[in-house]
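Hi everyone, thanks for making the time today. Let me put the structure up on the screen, and then I'll talk you through the parts I'd like you to look at.

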Amino acid sequence: MSNLAHSWSISDESLRRFVHFASEGCIQELLSASDSTCCSSRKVNGTNGHRKQHNSNNNNHDGWNRVPSINTDDHDGVEISKRRSAGNSFHIFRSRWLLRSVSPEQFITVANAIDAAKQWDSDLVEAKYIKDLGENLSIISLRYGDGSKPLFKNREFIVYERRETMDDGTLVVAVASLPKEIAAGLYPKRSNAIRGLLLQSGWVVERFEKDSCMVTYVVQLDPAGWLPKFFVNRLNTKLVMIIDKLAQACLQIN
């Protein structure tokens with residue numbers, strides 16, 4: 001690995017090993033965030049990661065606090081919450097939705113279809129795969145334009161996406177930005193763009209009853225550039241509402 005002008009050149013195999021290791025912690029954070037009442041120990045197929053047991057009957061048991069300002073009255077089984085992240089002043093936001101008549105497979109198919117992502121994310125200008133590192137591991141570029149909302153205006157993100165199935169069938173998609181030096185080596189930044197950071201984020205999709213599912217979406221975004229932290233945190237709460245658009249897209253293709 002060589003360092004040249006703040007960018008690193010890295011082989012595909014080294015990148016695959018790095019992302020696989022880095023995503024382990026992200027997967028465990030997502031599984032922890034998805035826990036409601038009590039959950040049995042779960043294991044990621046092909047890894048040594050277990051889902052630890054939690055009891056979150058108490059809203060503050062694991063640091064999550066419900067966000068009352070978001071209007072979810074029109075949605076059954078919806079919970080929006082946040083907690084302070086360790087090491088910085090940004091909040092981590094969590095959305096938990098019970099989607100009826102939508103199977104886990106249907107939801108993940110729509111959520112992972114980056115070619116159609118602009119249908120449910122109006123700010124997105126371009127989404128494309130940069131590199132496939134394996135059957136369940138990819139590097140993706142997300143680009144937003146001058147007309148996007150302030151949180152995304154002229155931002156771009158270079159992220160990994162790791163998709164895993166737990167031994168009980170729960171689907172997990174872990175997403176986070178690559179370190180800036182690795183990202184610069186893989187995909188040079190556009191001259192007028194600001195490269196933001198998507199911190200440990202992603203989906204957990206659990207089967208519920210027959211053809212329904214419980215979806216947990218966790219997001220923590222550092223858009224970089226100058227934006228007040230309270231402004232970033234306020235707009236981050238709106239990101240978790242994206243599940244509603246994805247659910248509508250799922251129902252349209254049923």
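Asn154 is buried, because its relative accessible area is 17% and the cut-off for buried is under 20%. You'll find Asn154 in the loop between β9 (137–144) and β10 (155–165). Its backbone is worth a look too: phi of Asn154 is near 55 degrees, a positive value in a residue other than glycine. As background, most residues other than glycine have a negative phi. Please keep in mind that this is a predicted model, and that goes for everything I show you.

Ser101 is another non-glycine residue with a positive phi, about 65 degrees here. Ser101 sits in the loop between β7 (91–99) and α2. Is Ser101 buried or partly exposed? Its relative accessibility is 47%, so Ser101 counts as partly exposed.

Now let's move to the inside. The largest nonpolar core has 38 residues, and the members that touch the most others are Leu99, Phe107, Phe157, Trp203, Val205, Val215 and Ile243. Which helix gives the most to this core? That would be helix α5, residues 242–253, with six residues. If you click on Leu99 and set aside its neighbours within four places in sequence, you'll see contacts with Phe107, Ser212, Cys213, Val215, Ile243 and Ala247. Apart from this core lies another, of 25 residues, including Leu31, Met166, Ala174 and Val218.

On to the rings. The structure holds three aromatic pairs, and I'll show you two of them. Phe107 and Trp203 pair edge-to-face, with 5.2 Å from centre to centre and 75 degrees between the planes. Phe107 belongs to helix α2 (residues 104–111) and Trp203 to strand β14 (residues 201–208), so this pair ties together parts that are 96 residues apart in sequence. Both Phe107 and Trp203 are buried.

Trp203 also pairs with Tyr217: the ring centres are 4.2 Å apart and the planes are at 15 degrees, so this pair is stacked. Here the link runs between strand β14, which holds Trp203, and strand β15 (residues 212–219), which holds Tyr217, 14 residues apart. Trp203 and Tyr217 are both buried. Put the pairs together and you get a cluster of Phe107, Trp203 and Tyr217.

Last stop, the charged side chains. How many salt bridges does a search of the whole structure find? The search gives 12. Let's begin in helix α1 (residues 12–34), where Arg16 and Glu13 lie three residues apart, about one turn of the helix. The closest N and O atoms of their salt bridge are 2.8 Å apart. Arg17 meets Glu13 in a salt bridge as well, at 3.5 Å from N to O. Arg17 and Glu13 are separated by about one helical turn, because they are four residues apart in helix α1. As for accessibility, Glu13 is partly exposed at 38%, Arg16 is partly exposed at 29%, and Arg17 is partly exposed at 46%.

A salt bridge that reaches across the chain is the one between Arg83 and Glu29, 2.9 Å from N to O. It links strand β6 (residues 78–84), home of Arg83, to helix α1, home of Glu29, 54 residues apart. Arg83 is buried at 16% relative accessible area, whereas Glu29 is partly exposed at 37%. Back in helix α1, shared partners join Glu13, Arg16 and Arg17 into one network of salt bridges.

Thanks for listening, everyone!

How values were computed:
Residues are numbered from 1 along each chain as its sequence is written. This is a predicted model: local features need pLDDT of at least 70, side-chain atom pairs count only at pLDDT 80 or more; totals for chains, interfaces and linings use all residues. Side-chain values use heavy atoms; hydrogens and water are left out. A nonpolar core is a set of buried Ala, Val, Leu, Ile, Met, Phe, Trp, Tyr and Cys residues joined through side-chain atoms within 4.5 Å. Buried means under 20% relative accessible area, exposed over 50%, partly exposed in between (1.4 Å probe, protein chains only). Helices (H or I, at least four residues) and strands (E, at least two) are DSSP runs, numbered from the N terminus. Contact means heavy atoms within 4.5 Å. Rings of Phe, Tyr and Trp (its six-membered ring) pair if their centres lie within 6.5 Å; planes under 30 degrees apart count as stacked, over 60 as edge-to-face and the rest as tilted. A salt bridge is a side-chain nitrogen of Lys or Arg within 4 Å of a carboxyl oxygen of Asp or Glu.
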